[in-house]
Amino acid sequence: PRWTLAIPVLKPAVSAETTTGRAVTTTDRPTAPGFEAPAALRRALVTDPGNEALSTLSGPETPPPYRSLTGPGQGPLNFNVRKAFPAIWLAGFLAVLSLMFVEIARIRMLTRRAAVISGDPRVDLVTQMAARLGIRRRIRLLEGNDTAMPMTWGVVTPTILLPRVSRTWTGDRLTAVLNHELAHIRRGDYGTQLMAEIVTALYWFNPFAWYAANRLHVEREHACDDEVMSGGAAAFDYAGELLD
């Protein structure tokens, strides 16, 4: 769409009349309603009627009242949205996509700081539970600090991060947490969420894309909680484990 802005051009038509030997100014054709020659201009013409600089203000007898700014090269108001949209879209796409790369960098940092768990009963438990859920891929188990939250990532090599305090967890809590994270792996939630982030970056200007990505994030957690409940965990006990 093109934006056309018309602005009035006020150009007085000034003539001089000689009355008793003095020059008098009049405005014979105003170019806009309510136009009146400025007092300073009238005084200047009275005192110096032969001033060439002032005479250039007379202009044509019937000046055009409006001038269009839509032609090419007539100022910054000729803004073509259709031509500017690709640049605007690309800027938004890169900005949203950068947020995804920040999260990926954060995951890499967690991986470098965490220690690989090996020769531990938790590894055997993960192997048994993964086989029962039909997960055939090798799962890497990492241990972070005590403040780390259980989480999973990875498409080719799924990774589960557990806090260091998980060494002292009861069997029920450890089983519930691993069931939840293994459900993410079995469902392929990490790859699905990456796809949703890319789609959101492509359609960053569409609020429904953001809403759909947010609902996908919420519903995947609900689905994994349902997997834990289907495994036999009591609702009250599982809610207490999540809260703790």
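Which residue in β8 is the bridge partner of Glu 143? Keep that in mind as we walk through the structure.

**Before you start**

This is a predicted model, in which local features need pLDDT of at least 70, side-chain atom pairs count only at pLDDT 80 or more, and totals for chains, interfaces and linings use all residues. Residues are numbered from 1 along each chain as its sequence is written, and side-chain values use heavy atoms, with hydrogens and water left out.

**Stop 1: the whole protein**

Show everything as a cartoon. You will find eight helices and eight strands; these are DSSP runs (H or I and at least four residues for helices, E and at least two for strands), numbered from the N terminus. Of the 244 residues, 28% count as buried. Here, buried means under 20% relative accessible area, exposed over 50%, and partly exposed in between, with a 1.4 Å probe and protein chains only.

**Stop 2: strands β5, β6, β7 and β8**

Select residues 140–143, which form β6. Strand β5 (residues 115–116) pairs with β6 in the antiparallel sense over two bridges; two strands pair if DSSP finds at least two bridges between them. Look for Val 116, which stands opposite Leu 142.

Now add β8, residues 159–162. β6 and β8 run parallel and are joined by four bridges. Arg 140 stands opposite Thr 159, and here is the reply to our opening puzzle: Glu 143 has Leu 162 as its bridge partner.

Next, color the side chains of β8. In a regular strand, side chains alternate between the two faces of the sheet. On one side of β8 you meet Thr 159 and Leu 161, on the other Ile 160 and Leu 162, and all of them are buried.

Select β7 (151–153) as well. β7 pairs with β8 in the antiparallel sense over three bridges, with Thr 152 opposite Ile 160. The hairpin of β7 and β8 has five residues between the strands, and Gly 154 in this hairpin takes a positive phi near 105 degrees.

**Stop 3: helix α5**

Select residues 171–187. This is α5, a helix of 17 residues that reaches 24 Å from its first C-alpha to its last, close to the 24 Å expected at 1.5 Å a residue. The expected span is 1.5 Å times one less than the number of residues. Its buried residues include Leu 174, Val 177, Leu 182 and Ile 185. The elements that the buried residues of α5 pack against include β7, β8 and α7 (207–230). Just after the helix, click on Gly 188, whose phi is positive, near 70 degrees.

**Stop 4: His 184**

Stay in α5 and zoom in on His 184. Is His 184 buried or exposed? His 184 counts as buried because its relative accessibility is 7%. Show its side chain together with that of Asp 189: the two make a polar contact at 2.8 Å. A polar contact is a pair of N or O atoms within 3.5 Å; within protein, one must be able to donate a hydrogen and the other to accept it, and residues adjacent in sequence count only if both atoms are side-chain atoms. Leaving aside neighbours within four places in sequence, the residues in contact with His 184 (heavy atoms within 4.5 Å) include Thr 152, Arg 220 and Cys 224.

**Stop 5: Asp 120**

Finally, select Asp 120 in the loop between β5 and α4. A polar atom of the Asp 120 side chain lies 2.8 Å from the backbone nitrogen of Arg 122. Then pick Arg 167: Asp 120 and Arg 167 are 47 residues apart in sequence and 9.4 Å apart in space, C-alpha to C-alpha.
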